[in-house]
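Q: I would like to go through a structure with you, one topic at a time. Here it is.

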Amino acid sequence: LDITKCLNDAINKLEKIASGDKPLLKAMQEIEKGVRNVDDDHLASASLALIESLKGRLKSRTCGQLIDESPEHDLSSVTTDATILQAAKVMKECHSSGVLIMKDQQRTQLAGIFTSKDLLLRVVAQNKRLDANIMEV
């Protein structure tokens, strides 16, 4: 799970950097209000098109938002208190080669990822018990 933690940390850093654009986005919205009052229709429409383009770039979604927007959170996941067997059953039910391991019942924070490769190399090959906690893998 070490590489998962590194990946999760990197994603969190990128999201923090992206959230720094919020003041800029707010400023652009204020400019947009002013542009709507310009008498020159050609200038106003060109300015609004530019502002919309820039706002679209600033409004890129975070990984957390993408997960939240997925249909009924269809990503297969378990919480940190799950057993290896429970995770494997979720993978089978969801026809997935891996599950997200979430820190809490609300599934808001990622703790790791458990894959079929982990099941094979870290559980079966090492004779681990299937009733062991998923975080022991």
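Q: What is the mean pLDDT of the protein, and what share of its residues reach 70 or more?
A: This is a predicted model. The protein has a mean pLDDT of 75, and 49% of its residues reach 70 or more.

Q: Where is confidence lowest, and where is it highest?
A: The lowest confidence falls in helix H4, residues 63–69, with a mean of 58. H5 has the highest, at 93.

Q: Let us turn to the interior. How many residues does the largest nonpolar core have, and which have the most contacts inside it?
A: The largest nonpolar core has 13 residues. Val78, Ile84, Ala87, Val99, Phe114 and Ile134 are those with the most contacts inside this core.

Q: Which elements each supply at least two residues of this core?
A: Helix H5 (84–93) and strand E2 (98–102) do. The most comes from H5, which gives four residues.

Q: And why would nonpolar side chains be found together like that?
A: As a general tendency, nonpolar side chains in soluble globular proteins are buried together.

Q: Which residues of H5 are buried?
A: Ile84, Ala87, Val90 and Met91 are buried in H5. They lie on the same side of H5, because the arc they cover around the axis is only 125 degrees.

Q: Why can residues a few places apart in a helix point the same way?
A: An α-helix has 3.6 residues a turn, so residues three or four places apart point the same way.

Q: What do the buried residues of H5 pack against?
A: They pack against strand E1 (77–79), E2, strand E3 (110–115) and H6.

Q: Which exposed residues does the face turned away from the buried side of H5 carry?
A: That face of H5 carries Lys92 and Glu93, both exposed.

Q: Back to the core for a moment: what does isoleucine 134 touch?
A: Not counting residues up to four places away in sequence, isoleucine 134 touches Thr79, Thr80, Ala82, Thr83, Ile84, Ala87, Ile101 and Phe114.

Q: Threonine 79 is on that list. Is threonine 79 buried or exposed?
A: Threonine 79, which is found in strand E1, counts as buried because its relative accessibility is 8%. Its side chain also makes a polar contact of 2.3 Å with the side chain of aspartate 81.

Q: How far is alanine 132 from aspartate 81, in sequence and in space?
A: The two are 51 residues apart in sequence, and their C-alpha atoms are 9.7 Å apart in space. Alanine 132 lies in the segment after H6 and is buried, with a relative accessible area of 12%. Leaving aside neighbours within four places in sequence, alanine 132 is in contact with Ala82, Thr83 and Ile84.

Q: What about aspartate 118: buried or exposed?
A: Aspartate 118 is buried, as its relative accessible area is 13%. This residue lies in helix H6, residues 116–124. Beyond neighbours within four places in sequence, aspartate 118 is in contact with Ile113, Val123 and Val137.

Q: On to the backbone. Which sign of phi do most residues other than glycine have?
A: For most of them phi is negative. Histidine 95, however, has a positive phi of about 50 degrees although it is not a glycine. Asparagine 127, likewise not a glycine, has a positive phi of about 55 degrees.

Q: Where does histidine 95 lie, and is histidine 95 buried or exposed?
A: Histidine 95 lies in the loop between H5 and E2, and counts as exposed because its relative accessibility is 75%.

Q: And asparagine 127: where is it found?
A: Asparagine 127 is found in the segment after H6. At 68% relative accessibility, asparagine 127 counts as exposed.

Technical notes:
Residues are numbered from 1 along each chain as its sequence is written. This is a predicted model: local features need pLDDT of at least 70, side-chain atom pairs count only at pLDDT 80 or more; totals for chains, interfaces and linings use all residues. Side-chain values use heavy atoms; hydrogens and water are left out. A nonpolar core is a set of buried Ala, Val, Leu, Ile, Met, Phe, Trp, Tyr and Cys residues joined through side-chain atoms within 4.5 Å. Buried means under 20% relative accessible area, exposed over 50%, partly exposed in between (1.4 Å probe, protein chains only). Contact means heavy atoms within 4.5 Å. pLDDT is the predictor's confidence in each residue, from 0 to 100. The arc is that of the directions from the helix axis to the C-beta atoms. A polar contact is a pair of N or O atoms within 3.5 Å; within protein, one must be able to donate a hydrogen and the other to accept it, and residues adjacent in sequence count only if both atoms are side-chain atoms.
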